[in-house]
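Here is a short briefing to read with the structure open beside you. Feel free to follow it topic by topic.

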Amino acid sequence: MPEGHVIHRLATELNETFGGAPVHLSSPQGRFTSEVTEILKSDGDGHEVPFDHAEAWGKHLFIHFGIQENPSPHTIHIHLGLIGTFTFEPVDEPRGQVRLRIDNGSVAADLRGPQWCRVIGPVDVDESVGKLGVDPIRPDEGLNHEKLQTTLAKTRRSAKPIGALLMDQSLYAGVGSIYRTEALFRAGVHPLIPGKEVPADQLDEIYADMVDLMRDGVRIGRIDTVRADHTPEAMNREPRADDHGGEVYVYRRTGQPCHICGTPVTLFDLAGRKTYACPTCQPL
């Protein structure tokens, strides 16, 4: 499942591509046709609709239609899930099962296979965001700042493993298995340690590190978590060969030597998810 930086990059690309101009909406697959028709009739002339802006909160994408002076009651709420994709291509005949197409006559953004794609109103947007935790990629101000304080307080009181807490989207929105795994390794904290046993200053450092890592992910388009001393060039080793890409310390490196101490990386189950750690660098 895409982690939060992927959704934020999608929101940025949608804004840069369609930027407040009228767009065409369609559902080549046919499963979203009635919703598209509803938006076009309510907010456009039946053929085009003003594209206001797209934004991400965690792994959730919200695409707002209308204009700022007269906000649309319609937002398309998307969660890509495990197999969903959003691709940008020149306008041509749709390929495959395209649930939603947004196009400006020259560029088409095609949505395929999302976990969900639905039309919601302003109240629903607020309710959806209200269920999510702090988003490390969003600016630390306003609602996101309030969520941060609540999230850290809940984490410090919890007896659940810190590795499970960091994956809880109602606490840390957008954090997935890779960022969770790597941030804990970088902090020297074992995923099974209860949240309430992680010192407050160390928890603050873990969150700050996730902010840096995830915002770098938005900037470069991949997840790199190794420090300068542990890159392939610095260590004279082969780059990581993995479909997920990016250089990491322990994620999906079961049995391979830790880049720092050489101890084989271990794999175990935590709340139904594969979890990785170095037993030496992250003593339990």
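The notes below go through a helix, two buried loop residues, ring contacts and some backbone angles.

Please keep in mind that this is a predicted model. The structure holds six aromatic pairs, and two of them are described below along with the places they connect.

**Helix H1**

- Helix H1 covers residues 4-18, and its end C-alpha atoms are 21 Å apart.
- That separation agrees with expectation, because 15 residues at 1.5 Å a residue should span 21 Å.
- Several H1 residues are buried, including Ile-7, Leu-10, Ala-11, Leu-14 and Phe-18.
- Gly-4, His-5 and His-8 also belong to the buried set in H1.
- An α-helix has 3.6 residues a turn, so residues three or four places apart point the same way.
- Just after H1 comes Gly-19, with a positive phi of about 30 degrees.

**Aromatic pairs**

- Phe-18 and Phe-51 form a tilted pair, with 5.6 Å from centre to centre and 50 degrees between the planes.
- This pair links distant parts of the chain: Phe-18 sits in helix H1 and Phe-51 in strand E2 (residues 49-57), 33 residues apart.
- Phe-18 counts as buried because its relative accessibility is 3%, and Phe-51 counts as buried at 0%.
- A second pair, Phe-185 with Tyr-249, is stacked: the centres are 4.7 Å apart and the planes differ by 25 degrees.
- Phe-185 lies in helix H6 and Tyr-249 in the loop between H8 and E9, so this pair ties together parts that are 64 residues apart in sequence.
- Phe-185 is buried, with a relative accessible area of 4%, and Tyr-249 is buried too, with 0%.
- Ring pairs also join Phe-18, Phe-51 and Phe-65 into a cluster.

**A charge over a ring**

- Arg-118 lies over the face of Trp-116, at 4.6 Å from the ring centre.

**Tyr-172**

- You will find Tyr-172 in the loop between helix H5 (162-165) and helix H6 (177-187).
- Although it is a loop residue, Tyr-172 counts as buried because its relative accessibility is 1%.
- Leaving out residues up to four places away in sequence, Tyr-172 touches ten residues' worth of surroundings that include Gly-133, Val-134, Leu-152, Leu-203, Tyr-207 and Met-210.
- Thr-155 is another residue that Tyr-172 touches, and their side chains make a polar contact at 2.8 Å.
- Val-107 is 65 residues from Tyr-172 in sequence, and their C-alpha atoms are 34 Å apart in space.

**Arg-240**

- Arg-240 is found in the loop between helix H8 (232-235) and strand E9 (266-270).
- With 18% relative accessibility, Arg-240 counts as buried, because the cut-off is under 20%.
- A polar atom of the Arg-240 side chain lies 3.1 Å from the backbone oxygen of Gly-246.
- Beyond its neighbours within four places in sequence, Arg-240 is in contact with residues including Gly-245, Glu-247, Val-248, Tyr-251 and Arg-252.

**Positive phi outside glycine**

- Arg-252 is not a glycine, yet it has a positive phi of about 55 degrees.
- Arg-252 is in the loop between H8 and E9, and at 35% relative accessibility it counts as partly exposed.
- Ala-271 likewise has a positive phi of about 55 degrees without being a glycine.
- The loop between E9 and strand E10 (273-277) holds Ala-271, which counts as exposed at 66% relative accessibility.

Key. Residues numbered from 1 in each chain as written. Predicted model: local features only at pLDDT ≥ 70, side-chain atom pairs only at ≥ 80, totals over all residues. Heavy atoms only, no water. Helix = DSSP H or I, 4+ residues; strand = E, 2+ residues; numbered from the N terminus. Expected span 1.5 Å × (residues − 1). Buried < 20%, exposed > 50% of the residue type's maximum accessible area, 1.4 Å probe, protein only. Contact = heavy atoms within 4.5 Å. Polar contact = N/O pair within 3.5 Å; in protein donor to acceptor, adjacent residues only side chain to side chain. Phe/Tyr/Trp six-rings, centres within 6.5 Å; stacked < 30°, edge-to-face > 60°. Lys NZ or Arg CZ within 6 Å of the ring centre and 35° of its normal.
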